[in-house]
Each structure stands twice: as C-alpha cells, then as structure tokens.
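Visitor: I'm new to this structure, and I'd like a close look at just one part of it. Could you walk me through how the helices at the start of the chain pack together?

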Amino acid sequence: MDLKYLQTFKTIVEEGGFTKAAEKLNYTQSTITFQVGQLEQELSVKLFERMGRRMQLTKAGEQLYPYVTDVLTSVAKLRCFENDLSEYKGILRVGVGETLLCYKLSPVLKRFHDLAPNTRLFLQSMNCYDIRNELLDGTLDLGVFYENVGGFGDNLAVASFGSYPMTLVASPDIKEEYPDFITPKQNIPLPLIINEPTCVFRQIFEQYLQRKSIVLDHTIELWSIPTIKNLVKSSVGIS
C-alpha cells in the first residue's frame, strides 16, 4: 500500500473535500480521485459517497481514519530518528506511575536526555489504569506502570524491567503497638494512608484485608507520596 494514498485520504478528511485536498497537496483533482480509488480497491471498501455536491465519509471511511492517522504519525516518528537517536527532534509522550517516577526513573530520564537532547519529552505522573488506557487509544507513546492493572493482552508491546515486593510500612511505635496484620478477624484502630481508590497498591492491600476479615479504622486519601511517607513516619497511620 502506497503511503501517499493514506496521506491523501487523511488530507481530504481534514480539509473537508477533494478540491481543498488537491490544493493543499498540489495535486490535480484527477490525481486525488485516482489515489482514493486505488485505496478503496486495495481495502475493498467504499470510503466516500456523494451527498448532493459534496463527498462524505462512509462508515468504513470513519472507521479507517484513526488507523491512518496512527500509521502516518508512526512513520513520521521513524523518519525523525534518522541514523542517530541524537538527531531525533520529535515529541515523546510518556506516562509514569508516581512511585516509579519518584524513585526509579530519574537516572533513566537523565540518560535519555543525554542520548536524545533534541527530543521534546512530555512526562506525566499518572494513575496506572489511565496509562494503560491512553496507550491503547494512542494518546501516549510510552508508559511505565505496574503489570497488575492487566487488561491489555497482546495489544501492547511490553517489556519488564524489574519485580518489586509490596510491603506494609509503619513507624516503629505503631509497629510495636500493632505488630499483627496476619491473624484474621481483627478490628485495628489505625487509618490506611494511601492515594486514590484505583491505586494498584491500595487495591491489592484492600483485597488482602477483605480475605482476612481485617477492618481498619478509616482511609486517608492523598496524592503526594512524600506526604504519605511523612504521615506514616509521624505515626498517623500505615501505608
């Protein structure tokens, strides 16, 4: 399939018609019509239909458009790489779980900046489920998150860079007073200090508490990892 046919299709959609697309691409009207015909023939679908004096996208055309956009965007990124990552001048959108961003990625980002100094890096601290969803819909180029979120199957190319245990943390005073989080059917008068309900750690720990029939006093929700750590150090609760 010729990429210029895809570019022509995308331009017709964005410019609102064959004539304007021909002007923008510096093609004749017949060239535009021919390229669309070739694309329709290769895909065995009708992409446009005439409505009065205008050509309008068919349902198949509407479904094709986001795929064409993804392909052309990826091709543009590949061309930017040239033969040396240092020459890459494109945009890279990355979503990272906050704990990973705080404690694991600083040296990686420094190394990336050294290798690709001209890259415009858009970095976001995000919930892991949102990272997965935005990777699947193409909003993000790269995501760093915990595999526990699941739900992506073979739709994402995944590489593991480590396995880390989840640990219940408390101040020494709290640990001494409440050392047992294993015995079932307890009411423990401590708050859980954690972030949003869709936090992977929170979900895993709350499922553990349910299995053990252990009830904590209440939950304090915070977004800041350093604040959570400081409150735990001050014996306000556990995390």
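Guide: Let's begin with what an axis is here: a line fitted to C-alpha atoms, taken for helices over the stretch in contact, with angles running from 0 to 180 degrees between N-to-C directions. Two packed helices are described by the angle between their axes and the distance between the axes. Keep in mind that this is a predicted model.

Now take helices α2 and α3. Their axes come within 9 Å of each other and cross at roughly 110°. Angles of 65 to 115 degrees count as roughly perpendicular, so α2 is roughly perpendicular to α3. Who meets whom at this crossing? From α2 come Phe18, Thr19, Ala21, Ala22 and Leu25, and from α3 come Gln29, Ile32, Thr33 and Val36. Sort the residues of this contact by type and you get six nonpolar, three polar and no charged.

Next, step back along the chain to helix α1, which covers residues 3-15, and look at how it sits against α2, residues 18-25. Here the axes come within 8 Å and cross at roughly 120°. That angle is outside the 65 to 115 range for roughly perpendicular and is not over 145, the mark for roughly antiparallel, so α1 and α2 are oblique to each other. Their crossing is right-handed. On the α1 side, the residues in contact are Thr8, Thr11, Ile12 and Glu15, and they meet Phe18, Lys20, Ala21, Lys24 and Leu25 in α2. This contact divides into four nonpolar residues, two polar and three charged.

If you put the two contacts side by side, you'll find some names from α2 coming back. Phe18, Ala21 and Leu25 are among the α2 residues that meet α1, and Phe18, Ala21 and Leu25 are also among those that meet α3.

One more residue is worth a stop: glutamine 35, which lies in helix α3, residues 29-43. Is glutamine 35 buried or exposed? Its relative accessible area is 3%, and the cut-off for buried is under 20%, so glutamine 35 counts as buried. As for its neighbours, leaving aside residues up to four places away in sequence, glutamine 35 touches Lys4, Tyr5, Thr8 and Tyr27. Thr8 is a name you've met already, as one of the α1 residues in the contact with α2.

Terms used:
Residues numbered from 1 in each chain as written. Predicted model: local features only at pLDDT ≥ 70, side-chain atom pairs only at ≥ 80, totals over all residues. Heavy atoms only, no water. Helix = DSSP H or I, 4+ residues; strand = E, 2+ residues; numbered from the N terminus. Buried < 20%, exposed > 50% of the residue type's maximum accessible area, 1.4 Å probe, protein only. Contact = heavy atoms within 4.5 Å. Parallel < 35°, antiparallel > 145°, perpendicular 65-115°, else oblique. Left-handed = near helix turned anticlockwise from the far one by under 90°. Nonpolar A, V, L, I, M, F, W, Y, C, P; charged D, E, K, R; others polar.
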